[in-house]
Amino acid sequence: MKVPLSKPYVDKEMKDRVLEVIDSGQYILGNQCKDFEKEFAQFIGVKHAVLTSSGTSAIFLCLKALGVGKGDGILVPSLTAFPTIEPVFHVGARPIFIDIDDTYTVDPKHIESVLKKKGRIRGVKQIKGMIPVHLYGHPAQMDSLRDLAKRYGLFILEDCCQAHGARFQGARVGSMGIGGCFSFYPSKNLTVFGDGGILVTSDDEMAKTCRMLRDHGRKEKYEHELVGYNLRFNEIQGAVGRLQLKRLDWFNESRRRIAGWYNDGLKGVPVVTPQAKDWAEAVYHLYVIQTDQREKLADFLKEKGVQSGIHYPIPNHQQPAVRNALGKQPKLKVTEATVQKILSLPIYPELEKEKVDFVCASIREFFDQEN
Ligand SMILES: Cc1ncc(COP(=O)(O)O)c(C=O)c1O
């Protein structure tokens, strides 16, 4: 049996729509994109959505629009995809790395301890904001983070690249900060068969600036109010995205059901399984277990045809690029211990029960053999 780690959902309606858009002759930021932006904003519960070329560019545009630059410090989790922190460097600011709690997302207590020490970080004149990441599809503790942001005058930019549709106490992620950024990379909960991203905000000014910056700083076709970039989106993927969005609740329900099958199937097996908090509606972008025998288990699964992954083997505060730019970073105890043990198991909307049963049986067999 072959079980891939992830698989994008494709159907005939999507394929037919792609051909229709090709025939329409309109390819960039046209009606499909406009409608997708409206529908996505409505889905999240915000005023505006701006499509971009990727999740990374969505974060970059938001930081630019927020005026983040040299001397600014931005609080970020170390356990996240490298692209969460890259745009912080690109705008000339400095990431300040934060440890995680038992949800794999930023630990508000650690943020508070860093904020209390304000002014002592090299290269940082002012801590301006934070980028919590709703990692693996589980929301960060937004109530504590919002409380901290209010008390210390910080913005919150949510990295929702792994959490389309997730909710914190009923609110969709992306609706709780000044902005939220999503990726449509092929493994994500919503895909567009290529690169793509979207940022959401209820701030009129921020939406307007991001919209201009993404398209050469244009106000009108040949009037450039800002010096911008080409970080646009296209019609074919816009049309696909609209159909994916219609199915997103179904995708996420399916992912939650699969996570339940894993939780049941791995009962009694010596691995740590993910436990969503009762205040969270998680969307299981990834199903991540922990074991001290991660490498051996991954090899065993590979032999059985089961793909697994590590998200992420090197935390960002230990990445060579970060060390070169900022020097050695302070130790992050929980993050450093966690990255030694995490293993992502296959999960995608159409993953069948018999395959999940096979993965669980294989993991059980591995531990039976070991003991
Ligand atoms: C948490 C997180 N942030 C940012 C990104 C960047 O998104 P993209 O690959 O669309 O640029 C990703 C996806 O790789 C991600 O998982």
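Let's walk through this protein, from its sheets and helices to the surroundings of its ligand.

Keep in mind that you are looking at a predicted model. The average pLDDT is 97, and 99% of the residues score at least 70. Among the elements, strand 5 (residues 155–159) has the highest mean pLDDT, at 99, while strand 10 (residues 218–220) has the lowest, at 91.

A good place to begin is the open sheet of seven strands, which follow the order 1-9-8-5-4-2-3 with mixed pairing. At its edges you will find strand 1 (48–52) and strand 3 (94–98), each of which pairs on one side only. From one strand to the next, the twist averages 30 degrees. Look at strand 2 (residues 72–77): it runs parallel to strand 3, and five bridges join the two. Ile 74, for example, has Pro 95 in strand 3 as its bridge partner.

Now add the helices. Helix 4 lies across strands 2, 3 and 5, running at about 180 degrees to strand 2. Helix 6 (residues 142–152) also packs on the sheet, where it touches strand 4 (126–130) and strand 5, and its direction makes about 150 degrees with that of strand 5.

There is another open sheet to find, built from three strands in the order 7-6-12 with antiparallel pairing. Its edge strands are strand 7 (171–172) and strand 12 (280–281). Strand 6 (residues 167–168) is joined to strand 7 by two bridges, and Phe 168 has Ala 171 as its bridge partner.

Finally, which residues are closest to the ligand? They are Ser 54, Gly 55, Thr 56, Cys 161 and Ser 183, out of 15 that surround the ligand. This shell has eight polar, five nonpolar and two charged residues. Helix 3 (55–65) and helix 4 (82–90) each supply at least two of the shell's residues.

Methods. Residues numbered from 1 in each chain as written. Predicted model: local features only at pLDDT ≥ 70, side-chain atom pairs only at ≥ 80, totals over all residues. pLDDT = per-residue confidence, 0-100. Helix = DSSP H or I, 4+ residues; strand = E, 2+ residues; numbered from the N terminus. Near = placed C-beta within 6 Å. Nonpolar A, V, L, I, M, F, W, Y, C, P; charged D, E, K, R; others polar. Pairing = 2+ DSSP bridges. Axes fitted to C-alpha atoms, helices over the stretch in contact; angles between N-to-C directions. Contact = placed C-beta atoms within 7 Å.
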